[in-house]
Amino acid sequence: MKQFVGTGVALITPFNEDLTVDVSALEQLVEFNITNGINYLVVLGTTAESATLTKEEKKLVMQTVSRVNAGRLPLVVGVGGNNTMALVQELQELDVMDYSAILSVSPAYNKPTQEGIYQHFKTLAQVAPLPIILYNVPSRTGSNMLPATTLRLASDFNNIIGIKEANDSLEQVNTLLKNKPEGFLIISGDDFTALRTTLDGGAGVISVLGQGLPAQFSALIKFGLEGEKEAGMQLHEKLLPGMQLIFEEGNPAGIKVICSEQGIGSPNVRLPLVAATVQLQKKLVNFLEALEKVSA
């Protein structure tokens, strides 16, 4: 699964002023990331506000990304939720032409036990038309998929190929790295820990900030993969304010401002999210200006 080593990005879904999908901006975003060194694209993850998209809109987003990508990069599609049997049906009906893997988040709100999480992903693995990348993000789901559960799934199902680990515990990440089966991918799901995870032997990142600064974030992960710690840490420190700011008022409000400042789309988000405040927008503009000066 070398196609998922490096920098992946969890794409936003740009919206017009009337909150319909901005297809033109999505086309721009895909091209911007391809031409600036991103290794693969993740479509309809939580950053895409997928919970607020209709079935028809999801299809439109998938088709748009596929058409613009034109086979240049591997594509991953997010299919996750807390209704296991509904996901089974979705996977059975999903048109995955041009896609290479599925990203599936651990069930939110229900707070299943570790056995419940295992059985959930076991059920999905038995019907999935593509390999699965697990996604653990305790801050959003309300439960932590423990390393023992991840490793059990990795051992039991050949089509579960990796995990996007968005747990701020590097101890948990290192437990996975030390005990994972050969070839199983440990992918950072947290921009803050992306470099550290990669330096420790991880496969890279699925980033949020990366889609707004693809050249810089790709360089960061390349340093990590090549073991260039000092150069990586210097770049990490330059990007750190952006990593912090884009989550200050929730995701993806912040990254949509970054993209907008790059000439891609608008800051518009759908309820229950609201657009970034003027104060945050100013902070993000200042960050971009400072980054440009440092990079000059």
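**Overall architecture and salt bridges of the predicted model**

Among contacts in the protein with a separation of 6 or more, 72% are accounted for by residues 24 or more positions apart. The structure described here is a predicted model. Its secondary structure comprises 12 helices and 8 strands. The radius of gyration of the protein is 18 Å, close to the 19 Å given by the globule rule for 296 residues, so the protein is as compact as a globular protein of that length. The C-alpha trace spans about 50 × 45 × 35 Å along its principal axes.

With regard to solvent accessibility, 52% of the 296 residues count as buried. The protein exposes about 12700 Å², and carbon and sulfur atoms supply 52% of this area. The protein carries 22 positive and 30 negative charges, and the mean positions of these two sets are 3 Å apart.

Side chains of opposite charge can pair when their charged atoms come close. In the present model, 9 salt bridges are found. One of them joins Glu-49 to Lys-256, with the closest N and O atoms 2.8 Å apart. This pair links distant parts of the chain, 207 residues apart. Glu-49 lies in the loop between strand 2 (40-43) and helix 2 (55-69), whereas Lys-256 belongs to helix 11 (residues 253-261). Both Glu-49 and Lys-256 are buried, each therefore having a relative accessible area under 20%.

A salt bridge is also formed by Arg-152 and Glu-115, for which the closest N and O atoms are 2.8 Å apart. Here, too, distant parts of the chain are linked: Arg-152 is located in helix 6 (residues 147-156) and Glu-115 in helix 4 (residues 114-125), at a separation of 37 residues. Arg-152 counts as partly exposed because its relative accessibility is 34%. Glu-115 has a relative accessible area of 37% and is therefore likewise partly exposed.

The side chains of Glu-226 and Lys-222 meet in a further salt bridge, at 2.8 Å from N to O. With a relative accessibility of 43%, Glu-226 is classed as partly exposed. Lys-222, at 47% relative accessibility, also counts as partly exposed; the assignment follows because residues are termed exposed over 50% and buried under 20%, with partly exposed in between. The salt bridges of the model thus include a buried pair, Glu-49 and Lys-256, as well as the pairing of Glu-226, which is partly exposed, with Lys-222, which is partly exposed.

Notes
Residues are numbered from 1 along each chain as its sequence is written. This is a predicted model: local features need pLDDT of at least 70, side-chain atom pairs count only at pLDDT 80 or more; totals for chains, interfaces and linings use all residues. Side-chain values use heavy atoms; hydrogens and water are left out. Helices (H or I, at least four residues) and strands (E, at least two) are DSSP runs, numbered from the N terminus. The radius of gyration is taken over C-alpha atoms; the globule rule is 2.2 Å times the number of residues to the power 0.38. Buried means under 20% relative accessible area, exposed over 50%, partly exposed in between (1.4 Å probe, protein chains only). Contact means heavy atoms within 4.5 Å. Accessible areas come from the Shrake-Rupley method with a 1.4 Å probe; for residues, only the protein chains shown count as cover. Lys and Arg count as positive and Asp and Glu as negative; His and the chain ends are not counted. The place of a charge is taken as NZ of Lys, CZ of Arg, CG of Asp or CD of Glu. A salt bridge is a side-chain nitrogen of Lys or Arg within 4 Å of a carboxyl oxygen of Asp or Glu.
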